[in-house]
Amino acid sequence: MATDLSTLRSRARTRADAVGNNFFSDSEVDRYINVGLGELHDILVQQFEDYYVTSAEFSLESDKTTYTFSELGIRNFYKCLGVDCTDSGETIRLRRFSFSERNRYESTAITGRGGYTDYQYQIRGNGVEFIPKPNTTSTIKLWYIPSFIELEEDDDEINSFIMSNWEEFAVVTAVYKMKEKEELSTTVIERELEGLRARIEEASQNRDAGDPGGVTDELTGTRPGWLRAFR
């Protein structure tokens, strides 16, 4: 069972010897806890073990190259994991283009021998851009890591996959900030946070220990070379 915000708050107040202490409002303690949870989110994201994965689908529009996250209904984009394109029942992985390749194609789409348009994408600013300029209504699936969403209500729960000992990182972060506000020594708390971070970073690696990932050909799942258009 996942832990809720009220439980984390109670644990933080107990650890900081601040139960019933009005020097810290509940909303303030909640803010400190969310700082710790946000940092924990980043720690897990940086392991690249797909702890947080979601997706959004949309269709390309003729002559439209840029699609903002807001118009796609994405309010919590953090990092892109990949982009798929489905055309005529076939789904392939699109390759990313670099900024220096932005003018690689002319305004008209270039197609390969199979009649397919070899789209590429780039995450830019607050959206995603495609080249060449779309001339199809292909279905796009954007896989991404969502940003951290703060807990607000007492019964808001952390993600169920977060280990109970990992959530202690948020509790100790809150304790650290409470001690800091009281202008008390935080040396012991800092050491504890460092130890928790190191343990989480190590334990969260190799999530699928039975079949760890390896080096993958960067073209795996993309359009076969004889169907791609090159310049």
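Which residue stands opposite Val-128 in β7? Ile-123 does, and the close-ups below take a look around that spot in this predicted model.

**View 1. Strand β7 sits among buried residues.** Here we zoom in on residues 127-131, the stretch that makes up β7. With 5 of its 5 residues buried, that is, each under 20% relative accessible area, the strand is largely enclosed by the rest of the structure. Follow the side chains along β7: Gly-127, Glu-129 and Ile-131 point one way, while Val-128 and Phe-130 point the other way. Whichever way they point, all of them are buried.

**View 2. β6 and β7 make a hairpin.** Strand β6 covers residues 120-124 and pairs with β7 in the antiparallel sense, with 5 bridges between the two. Just 2 residues separate the strands. One to look for in the turn is Gly-125, whose phi is positive, at about 60°.

**View 3. β2 also pairs with β7.** This strand takes in residues 66-68, and 3 bridges join β2 to β7. The two run antiparallel. Val-128 turns up here again, as the bridge partner of Tyr-67.

**View 4. A cavity lined by eight named residues.** Now we move to the empty spaces: the model has 2 cavities of 30 Å³ or more, and the largest has a volume of about 40 Å³. Around the largest cavity you'll find Leu-44, Val-45, Phe-48, Glu-49, Asp-50, Tyr-51, Tyr-52 and Ile-145. Sorted by class, this lining has 6 nonpolar residues, 2 charged ones and no polar ones.

Methods. Residues are numbered from 1 along each chain as its sequence is written. This is a predicted model: local features need pLDDT of at least 70, side-chain atom pairs count only at pLDDT 80 or more; totals for chains, interfaces and linings use all residues. Side-chain values use heavy atoms; hydrogens and water are left out. Buried means under 20% relative accessible area, exposed over 50%, partly exposed in between (1.4 Å probe, protein chains only). Helices (H or I, at least four residues) and strands (E, at least two) are DSSP runs, numbered from the N terminus. Two strands pair if DSSP finds at least two bridges between them. On a 1 Å grid over the protein atoms alone, a cavity is a set of points where a 1.4 Å probe fits but cannot get out, and a pocket is an open set with protein on both sides within 12 Å along at least five of seven lines; lining residues have an atom within 4 Å of a point. Grid points are joined across faces, edges and corners, and a volume is the space filled by probe spheres set on the points. Ala, Val, Leu, Ile, Met, Phe, Trp, Tyr, Cys and Pro count as nonpolar, Asp, Glu, Lys and Arg as charged, and the others, Gly among them, as polar.
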